[in-house]
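Here is a short tour of how one protein chain packs together, written for someone who likes to check numbers against coordinates. Have the structure open and follow along.

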Amino acid sequence: MTSDAIQPSILLVEDDQMDIMNVQRELRKHNIEVPLHIARNGREALSLLRGEDGKTAIPKPSVVMLDINMPRMNGLELLEVLRSDPDFVGLNVFITTTSDLETDRFKAQDLAVSGYIIKPLSFDSFGEGGTTVDGFSLFLDLLQLKS
């Protein structure tokens, strides 16, 4: 009998190296030890998910953390593609962005985003006046990504 259980993982779609390092640091700080796949733009993320352009497809991630402002294919464009693809329509996608534009937020909501997080990212700034990712941390707990 085979198990359908898939190892939890995160796909981070982010073009800013400092933001990538910040996410890695926050995950370590909270003992979240799961594979973290990194794509620098939407096109690269699709290649990783689908196994295109000579890349081996990564296992379907538990969570996608998606920046909006990126070259080649931005986060909202990628989210549109994912939501129209039967293989990826149900992915849990969190937007992480410096943009607090209402239009971006509404478009993300229309595309059934799981959460919308304003950077800088911190998993424990709830109640401290900073950006909160309390919902994301709770979501990781629910997915049992924490070790």
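Which residues have the most contacts inside the largest nonpolar core? In this predicted model, they are Leu11, Val13, Leu66, Leu78, Leu82, Val93 and Ile95, in a core that has 25 residues. Two or more residues of this core come from each of β1 (10-13), α2 (42-50), β3 (63-67), α3 (75-83) and β4 (93-97). A second core, separate from that one, has 11 residues, including Val23, Leu27, Ile32 and Val63.

It helps to set these cores against the whole fold. The protein has 5 helices and 5 strands, and along the sequence they follow the pattern β-α-β-α-β-α-β-α-β-α. Of its 147 residues, 46% are buried. If you take the contacts between residues at least 6 apart in sequence, 61% of them join residues at least 24 apart.

**Three residues of the core**

Let's start with valine 13. Beyond its neighbours within four places in sequence, valine 13 is in contact with Ala39, Asn41, Gly42, Ala45, Val64, Met65, Leu66, Asp67, Met70 and Leu78.

Leucine 78, one of those partners of valine 13, belongs to helix α3. Is leucine 78 buried or exposed? Its relative accessible area is 0%, so leucine 78 counts as buried. Residues up to four places away in sequence aside, leucine 78 touches Val13, Gly42, Ala45, Leu46, Leu66 and Met73. Alanine 45 makes a nice example of a partner from elsewhere in the chain: leucine 78 and alanine 45 are 33 residues apart in sequence, while their C-alpha atoms are 8.2 Å apart in space.

Isoleucine 95 sits in strand β4. With a relative accessible area of 0%, isoleucine 95 is buried too. Setting aside neighbours within four places in sequence, its contacts are Leu66, Ile68, Leu76, Leu79, Ala108, Val113, Gly115, Tyr116 and Ile117. Isoleucine 95 and aspartate 67 are 28 residues apart in sequence, with a C-alpha to C-alpha distance of 5.8 Å.

**Helix α3 and its two partners**

Two packed helices are described by the angle between their axes and the distance between the axes. Here are those values for the two pairs that involve α3.

| Helix pair | Angle between axes | Distance between axes | Crossing |
|---|---|---|---|
| α2 and α3 | about 30° | 9 Å | right-handed |
| α3 and α4 | about 15° | 10 Å | left-handed |

How are α2 and α3 oriented to each other, roughly parallel or roughly antiparallel? Angles under 35 degrees count as roughly parallel, so α2 and α3 are roughly parallel to each other. In their contact, Gly42, Ala45, Leu46, Leu49 and Arg50 of α2 meet Leu78, Val81 and Leu82 of α3. By class, that contact of α2 with α3 has 6 nonpolar, 1 polar and 1 charged residues.

Helix α4 covers residues 102-110, and α3 and α4 are likewise roughly parallel to each other. Leu76, Leu79 and Glu80 of α3 make this contact with Asp104, Lys107 and Ala108 of α4. The contact of α3 with α4 divides into 3 nonpolar, no polar and 3 charged residues.

To link the two topics, look again at leucine 78: this buried residue is part of the contact of α3 with α2, and it is also among the core residues with the most contacts. On the other side of the story, Leu76 and Leu79 take part in the contact of α3 with α4, and both are also in contact with isoleucine 95.

Technical notes:
Residues are numbered from 1 along each chain as its sequence is written. This is a predicted model: local features need pLDDT of at least 70, side-chain atom pairs count only at pLDDT 80 or more; totals for chains, interfaces and linings use all residues. Side-chain values use heavy atoms; hydrogens and water are left out. A nonpolar core is a set of buried Ala, Val, Leu, Ile, Met, Phe, Trp, Tyr and Cys residues joined through side-chain atoms within 4.5 Å. Buried means under 20% relative accessible area, exposed over 50%, partly exposed in between (1.4 Å probe, protein chains only). Helices (H or I, at least four residues) and strands (E, at least two) are DSSP runs, numbered from the N terminus. Contact means heavy atoms within 4.5 Å. Axes are lines fitted to C-alpha atoms, for helices over the stretch in contact, and angles run from 0 to 180 degrees between N-to-C directions. Angles under 35 degrees count as roughly parallel, over 145 as roughly antiparallel, 65 to 115 as roughly perpendicular and the rest as oblique. A crossing is left-handed if the near helix is turned anticlockwise from the far one by less than a right angle, and right-handed if clockwise. Ala, Val, Leu, Ile, Met, Phe, Trp, Tyr, Cys and Pro count as nonpolar, Asp, Glu, Lys and Arg as charged, and the others, Gly among them, as polar.
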